[in-house]
Amino acid sequence: MNRIARFGPEQAGVLAILHGHCFASPWQASEFEILLRQPGIMALMAEGSECPVGFILIRAVADEAEILTLAVEPEHRRQGVASRLLEAASTHLQAGSIARWFLEVAADNAEARALYARHGFTVCGTRPNYYASSPTRAAADAVVMMRPVALL
Ligand SMILES: CC(C)(COP(=O)(O)OP(=O)(O)OC[C@H]1O[C@@H](n2cnc3c(N)ncnc32)[C@H](O)[C@@H]1OP(=O)(O)O)[C@@H](O)C(=O)NCCC(=O)NCCS
């Protein structure tokens, strides 16, 4: 079982490393640091026995929250880490009176879509060509998924 803890800008370097292991277009530590200093940002990290194994970043504005990114180290996947991060985030958001949360995910990211569907998110829109093309990948559509923070 992972300990889930909130963290701040001092962990930006760790986040950049984790993010780089999980995404083709990694974010820089400086980008995380700027983000983590902004109001309304909540960041939770799942700790492994020796080092962090996953994290979630959420931005809350008024009564809505957006999942900005969520990632788990490849060798720690399918062990419930992302699920524990989502559940912990849900508890924090409910305490802060957030009513709904939403996210954008690449339409072809079957793993993440399955995860979010498992946690009650449903598709409420699409954004064509939302993810820009790169040398290794064509532009990709995003689907927007939404869920009430408190599930019945
Ligand atoms: C998506 C991601 C965060 C899932 O993390 P995880 O810790 O492996 O997820 P969990 O173990 O909590 O999975 C919970 C459920 O999600 C679904 N799921 C997760 N990974 C899946 C996969 N590879 N294939 C099918 N379903 C999957 C399953 O329903 C799973 O339950 P089960 O294991 O009992 O079948 C992880 O694969 C990841 O970091 N991917 C790269 C980054 C990414 O795409 N992030 C999302 C951006 S929006």
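Q: What share of the 152 residues in the protein chain is called buried?
A: In this predicted model, buried residues make up 26% of the chain. A residue earns that label when 20 or more other C-beta atoms lie within 10 Å of its own.

Q: Why is the protein chain called as compact as a globular protein of that length?
A: The chain has four helices and seven strands. Its radius of gyration is 15 Å, and the globule rule gives 15 Å for 152 residues, so the label fits. The C-alpha atoms fill a box of roughly 40 × 35 × 30 Å along the principal axes.

Q: In what order do the elements run from the N terminus?
A: The order is β-α-α-β-β-β-α-β-α-β-β.

Q: What share of the contacts between residues at least 6 apart in sequence joins residues at least 24 apart?
A: That share is 57%. A pair counts as a contact when the two C-beta atoms lie within 7 Å.

Q: What makes a residue part of the shell around the ligand, and how many residues surround the ligand?
A: The C-beta atom must lie within 6 Å of the ligand. The shell holds 19 residues, and the closest are Arg77, Ala82, Ser83, Ala114 and Leu115. Two or more residues come from each of strand E4 (64-72), helix H3 (81-95), strand E5 (100-106) and helix H4 (110-118).

Q: Which element gives the largest share of that shell?
A: H4 does, with five residues.

Q: How does the shell divide by class into nonpolar, polar and charged residues?
A: Eleven are nonpolar, four polar and four charged. Ala and Leu count as nonpolar and Arg as charged.

Conventions. Residues are numbered from 1 along each chain as its sequence is written. This is a predicted model: local features need pLDDT of at least 70, side-chain atom pairs count only at pLDDT 80 or more; totals for chains, interfaces and linings use all residues. The radius of gyration is taken over C-alpha atoms; the globule rule is 2.2 Å times the number of residues to the power 0.38. A residue is buried if 20 or more other C-beta atoms lie within 10 Å of its own, exposed if 12 or fewer, and partly exposed in between; C-beta atoms are placed from the backbone.
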